[in-house]
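Biologist: I have a new structure open and I would like to understand the words people use for it. Could we go through them together?

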Amino acid sequence: MNKFESIHRSRKFLGGVVACLLLSLTVLWWAWVDTPQLALDEEVLKTVDSLFTAVTARRQPSLIECEKRLIALHVAGRISDPAWNKLNSFIQSAKKEDWEIASRQLYRFIELQRGAG
């Protein structure tokens, strides 16, 4: 292998690394921007935390209680429609006993809240 081929291979490798890094950053940015945000409302945040506890503990009665509280908060205008739709999707998954999926998705939703942590 001559010097030219070595430089060419190094550049191809570096280009691949940069492309992968840019793709990863784009996916992370998209997930962060696309996630509906919760208001900095103590009752909303506590209820979402309780929902996470109910889902991870697989407690159906607690899940139903959290759902009722979240509906009331949404009706009162304290949870936006997009955030409610997302939360409701987690609740519906848990009701179908897809606990693991619901807990992972809810965790990710909570993790992507800006200023709620």
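Biologist: What makes Glu-43 and Arg-78 a salt bridge?

Modeller: Happy to start there, and please keep in mind that this is a predicted model. The side chains of Glu-43 and Arg-78 come to 3.1 Å, N to O. The cut-off is a side-chain nitrogen of Lys or Arg within 4 Å of a carboxyl oxygen of Asp or Glu, so the pair qualifies. Glu-43 belongs to helix H2 and Arg-78 to the loop between H3 and H4, so this bridge ties together parts that are 35 residues apart in sequence.

Biologist: Why is Glu-43 called partly exposed?

Modeller: Its relative accessible area is 43%. Buried needs under 20% and exposed needs over 50%, so a value in between is partly exposed. Arg-78 falls in that class too, with 32%.

Biologist: How do you know that Asp-41 and Arg-78 form a salt bridge?

Modeller: Their side chains meet at 2.7 Å, N to O, and the limit is 4 Å, so they count. Asp-41 sits in the loop between helix H1 (3–34) and helix H2 (42–57), while Arg-78 sits in the loop between helix H3 (60–75) and helix H4 (81–95), so parts that are 37 residues apart in sequence are tied together. Asp-41 has a relative accessible area of 15%, so it is buried.

Biologist: What makes Asp-41, Glu-43 and Arg-78 one network?

Modeller: They are joined by salt bridges that share partners. Arg-78 meets Asp-41, and Arg-78 meets Glu-43 as well. By the same 4 Å rule, the count comes to seven salt bridges.

Biologist: What makes Lys-95 and Glu-67 a salt bridge?

Modeller: Here the N to O value is 2.9 Å, which again is within 4 Å, so the pair qualifies. Lys-95 is in helix H4 and Glu-67 in helix H3, so the bridge ties together parts that are 28 residues apart in sequence. Glu-67 counts as buried at 11% relative accessibility, whereas Lys-95 is partly exposed at 32%.

Biologist: Why are H3 and H4 called roughly antiparallel?

Modeller: Their axes cross at roughly 165° and come within 11 Å. Angles over 145 degrees count as roughly antiparallel, so the label fits. H3 passes H4 in a left-handed crossing. Residues of H3 including Leu-63, Ile-64 and Leu-70 meet a set in H4 that includes Trp-84, Leu-87 and Ile-91.

Biologist: What makes the phi of Arg-58 worth a look?

Modeller: Most residues other than glycine have a negative phi. Arg-58 has a positive value, near 60°. Arg-58 is found in the loop between H2 and H3, and its relative accessible area of 48% makes it partly exposed.

Biologist: And why is Glu-97 called exposed?

Modeller: Glu-97 has 56% relative accessibility, and exposed means over 50%, so the label follows. Its phi is positive too, near 65°. You will find Glu-97 in the loop between H4 and helix H5 (99–111).

Biologist: How do you know what kinds of elements the whole protein has?

Modeller: The protein has five helices and zero strands, in the order α-α-α-α-α from the N terminus. Of its 117 residues, 27% count as buried. Its accessible surface comes to about 8000 Å², and 60% of that belongs to carbon and sulfur atoms.

How values were computed. Residues are numbered from 1 along each chain as its sequence is written. This is a predicted model: local features need pLDDT of at least 70, side-chain atom pairs count only at pLDDT 80 or more; totals for chains, interfaces and linings use all residues. Side-chain values use heavy atoms; hydrogens and water are left out. Helices (H or I, at least four residues) and strands (E, at least two) are DSSP runs, numbered from the N terminus. Buried means under 20% relative accessible area, exposed over 50%, partly exposed in between (1.4 Å probe, protein chains only). Accessible areas come from the Shrake-Rupley method with a 1.4 Å probe; for residues, only the protein chains shown count as cover. Axes are lines fitted to C-alpha atoms, for helices over the stretch in contact, and angles run from 0 to 180 degrees between N-to-C directions. Angles under 35 degrees count as roughly parallel, over 145 as roughly antiparallel, 65 to 115 as roughly perpendicular and the rest as oblique. A crossing is left-handed if the near helix is turned anticlockwise from the far one by less than a right angle, and right-handed if clockwise. Contact means heavy atoms within 4.5 Å.
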